[in-house]
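I opened this structure to record its confidence, its overall build, its enclosed space and a few individual residues. My entries follow in the order in which I looked things up.

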Amino acid sequence: MNELAEWDSFYLIVGGAAGALIGLQFVAMTLIASRPNAASSADAGAAFATPTIVHFVEAFLIAAFVRMPWRNESSAAAMCGIVGVIGAVYTVIVARRMVIQTSYEPVFEDWLFHAILPLIAYMIIVISAIEVSSYERGSLFGVGAATLLLLLTGIHNSWDAVTWNIFADTGKSDGTPERKETDDREPEPA
């Protein structure tokens with residue numbers, strides 16, 4: 001249990017960041033949803049937006065579980081293991097949703113940040129939870145690294161979603177909106 005106490009500051013920072021990012025993600029998605037010509041669909045949201053919130057929530061939960069005053073590390077490990085299993089199963093569901101949705105054709109970066117890296121993070125959490133009694137220090141580093149990976153993956157996915165939604169309607173990479181003329185007349189001179 002002494003090893004766990006040394007991680008208090010790390011999980012305080014990670015948990016606080018995860019909580020703040022959950023709020024910011026809701027604000028960003030609300031602003032995107034209120035845009036007049038927002039390109040969106042429910043199946044793409046289930047594949048790309050919702051998992052970001054789930055990763056932030058799971059990082060937040062792990063930070064909370066590790067900071068709880070457990071009597072022994074096996075209780076914290078069990079809770080983290082449950083979070084890891086749920087996250088791994090959910091990531092497989094997300095990968096299936098990515099294939100099924102028709103709003104957007106995922107590229108390698110999407111597969112990497114929405115399926116591969118989160119699955120790796122959750123599997124590290126599960127393995128670390130199983131191995132905590134044999135390799136306590138290594139397991140704590142595994143859970144810490146995986147939690148940080150979930151947080152960084154979520155940040156990437158949030159930024160990716162916001163920028164895609166900003167530039168999707170224009171079709172231009174410089175971000176300037178296309179001018180839509182209502183008629184073909186030349187503007188009158190001033």
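**Confidence.** I began with the confidence of this predicted model. Among the elements of the chain, helix α1, residues 2-5, has the lowest mean pLDDT, at 64, and α5 has the highest, at 94. Over residues 175-185 I found pLDDT below 50, and beyond near neighbours in sequence this stretch has six contacts in the model. For the chain as a whole I noted a mean pLDDT of 78, with 74% of the residues reaching 70 or more.

**Overall build.** I then looked up the secondary structure. The chain has six helices and zero strands. Read from the N terminus, the order of elements is α-α-α-α-α-α. I next asked how far apart in sequence the contacting residues lie. Of the contacts between residues at least 6 apart in sequence, 79% join residues at least 24 apart.

**Burial and surface.** I recorded that 38% of the 190 residues in the chain are buried. The chain exposes about 11100 Å², and I noted that carbon and sulfur atoms supply 66% of this area.

**Cavity.** My next entry concerns enclosed space. Rolling a probe the size of a water molecule over the atoms shows where empty space is left. How many cavities of 30 Å³ or more does the structure hold? I found one. The largest cavity has a volume of about 120 Å³. Its lining comprises 13 residues, and those nearest the centre of the cavity are A76, A77, V132, L140 and V143. I also checked which helices contribute: α4 (73-100), α5 (108-131) and α6 (136-167) each supply at least two residues of the lining. By character, I sorted the lining of the largest cavity into nine nonpolar, two polar and two charged residues. I add that α5, one of these contributing helices, is also the element with the highest mean pLDDT.

**H55.** I turned to single residues, starting in helix α3, residues 42-67, where H55 is found. Is H55 buried or exposed? I entered H55 as buried, because its relative accessibility is 0%. Which residues does H55 touch, apart from those up to four places away in sequence? I listed T91, P118, Y122, L150 and N157. For one of these partners, T91, I looked up the separation as well: H55 and T91 are 36 residues apart in sequence, and their C-alpha atoms are 9.6 Å apart in space.

**A59.** A59 also lies in helix α3. I entered A59 as buried, since its relative accessibility is 0%. Leaving aside neighbours within four places in sequence, I found A59 in contact with A18 and T147. I also noted a C-alpha separation of 9.2 Å between A59 and Y11, which are 48 residues apart along the chain.

**L24.** My last residue, L24, is found in helix α2, residues 8-33. Is L24 buried or exposed? I entered L24 as exposed, because its relative accessibility is 52% and the cut-off for exposed is over 50%. L24 and S158 are 134 residues apart in sequence, yet I found their C-alpha atoms 9.2 Å apart in space.

**Closing entry.** I set the three residues side by side: H55 is buried, A59 is buried, and L24 is exposed.

How values were computed
Residues are numbered from 1 along each chain as its sequence is written. This is a predicted model: local features need pLDDT of at least 70, side-chain atom pairs count only at pLDDT 80 or more; totals for chains, interfaces and linings use all residues. Side-chain values use heavy atoms; hydrogens and water are left out. Helices (H or I, at least four residues) and strands (E, at least two) are DSSP runs, numbered from the N terminus. Buried means under 20% relative accessible area, exposed over 50%, partly exposed in between (1.4 Å probe, protein chains only). Contact means heavy atoms within 4.5 Å. Accessible areas come from the Shrake-Rupley method with a 1.4 Å probe; for residues, only the protein chains shown count as cover. On a 1 Å grid over the protein atoms alone, a cavity is a set of points where a 1.4 Å probe fits but cannot get out, and a pocket is an open set with protein on both sides within 12 Å along at least five of seven lines; lining residues have an atom within 4 Å of a point. Grid points are joined across faces, edges and corners, and a volume is the space filled by probe spheres set on the points. Ala, Val, Leu, Ile, Met, Phe, Trp, Tyr, Cys and Pro count as nonpolar, Asp, Glu, Lys and Arg as charged, and the others, Gly among them, as polar. pLDDT is the predictor's confidence in each residue, from 0 to 100.
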